[in-house]
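Q: Please take a close look at the nonpolar core of this chain. I should like a connected account of the elements that build it and of the strand pairing around it.

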Amino acid sequence: MNEVAEKGFGFYAGGVVIGSVGVLKKGDSQLKIGGICKLAVDPIFRRNGVASELMKVADTYLKLNSFHLGALWKGHGVTPGFYEGFGYSSLNGSDIMVMELEGTRDSGSIMEAIRKEGVW
Ligand SMILES: CC(C)(COP(=O)(O)OP(=O)(O)OC[C@H]1O[C@@H](n2cnc3c(N)ncnc32)[C@H](O)[C@@H]1OP(=O)(O)O)[C@@H](O)C(=O)NCCC(=O)NCCS
């Protein structure tokens, strides 16, 4: 598996991390995939928009670093429609969600690249 821990972002309140999200670099120069992972917010601070802000930061990071695709594994902890609000949609009806940032590729080749890289 060609996976590199690319970046982690923290949301701070009073000097303490209360939320985080990670971006894993996957794929290759033909299809640079940013795997969004470990989105989590301290239960005390939930439903205040912290995760939404972290998703925006991850999105900006993917765009600034020329990723072709954002991808994530839809969990059950998020409000239905949460990831869709950031431009992600289910890949072939699976639990993998993707957002195309650059170029358009057929879903078959995206699925193949993600399968090759493993699920995170
Ligand atoms: C999922 C998780 C990251 C969401 O964090 P969060 O900071 O509460 O998320 P946000 O506040 O940005 O938004 C979540 C929802 O709450 C809503 N919300 C935010 N503030 C609100 C408020 N004051 N009142 C009512 N609803 C509110 C948002 O609108 C959003 O709903 P929507 O998608 O229908 O718009 C958090 O619940 C968590 O850490 N869960 C456990 C780990 C997990 O499941 N991670 C996801 C892995 S896929």
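A: What follows describes the core, beginning with the chain as a whole and ending with the strands.

The model is a predicted one. Its chain holds 2 helices and 6 strands, and read from the N terminus their order is β-β-β-α-β-β-β-α. The C-alpha trace extends over about 45 × 25 × 25 Å along its principal axes. The radius of gyration is 14 Å, and because a compact globule of 120 residues would have a value near 14 Å, the chain agrees with that expectation. Of these 120 residues, 26% count as buried. Among contacts with a separation of 6 or more, 52% are between residues 24 or more positions apart.

The largest nonpolar core comprises 23 residues. Within this core, the residues with the most contacts are Leu 54, Ala 58 and Ala 71. Two or more residues each are supplied by the strands S2 (16-27), S3 (32-41), S4 (69-73) and S6 (96-100), and likewise by the helices H1 (50-64) and H2 (107-117). Helix H1 makes the largest contribution, with 6 residues.

Ala 58 deserves separate mention. Leaving aside residues up to four places away in sequence, Ala 58 touches Phe 9, Val 21, Val 23 and Ile 36. By the residue ranges of the elements, Val 21 and Val 23 fall in S2, Ile 36 falls in S3, and Ala 58 itself falls in H1. The contacts of Ala 58 thus include residues of both S2 and S3.

These two strands are also paired with each other. S2 and S3 run antiparallel and are joined by 8 bridges. They form a hairpin, with 4 residues between the strands. One of the facing positions is that of Ser 20, which stands opposite Ala 40 in S3.

S3 has a further partner in S4. Here the two strands run parallel, and 4 bridges join them. Gly 34 and Gly 70 stand opposite each other, the latter in S4. The connection between the parallel strands involves the helix already described: S3, H1 and S4 make a β-α-β unit, and this unit is right-handed.

Taken together, the core and the pairing involve several of the same elements. S2, S3, H1 and S4 each give two or more residues to the core. S3 pairs with S2 in the antiparallel sense and with S4 in the parallel sense, while H1, the source of 6 core residues, belongs with S3 and S4 to the right-handed unit.

Conventions:
Residues numbered from 1 in each chain as written. Predicted model: local features only at pLDDT ≥ 70, side-chain atom pairs only at ≥ 80, totals over all residues. Rg over C-alpha atoms; globule rule 2.2 N^0.38 Å. Buried ≥ 20, exposed ≤ 12 C-beta atoms within 10 Å, placed from the backbone. Contact = placed C-beta atoms within 7 Å. Core = buried A, V, L, I, M, F, W, Y, C linked by C-beta atoms within 7 Å. Pairing = 2+ DSSP bridges. Right-handed = clockwise from strand over helix to strand, strands pointing away.
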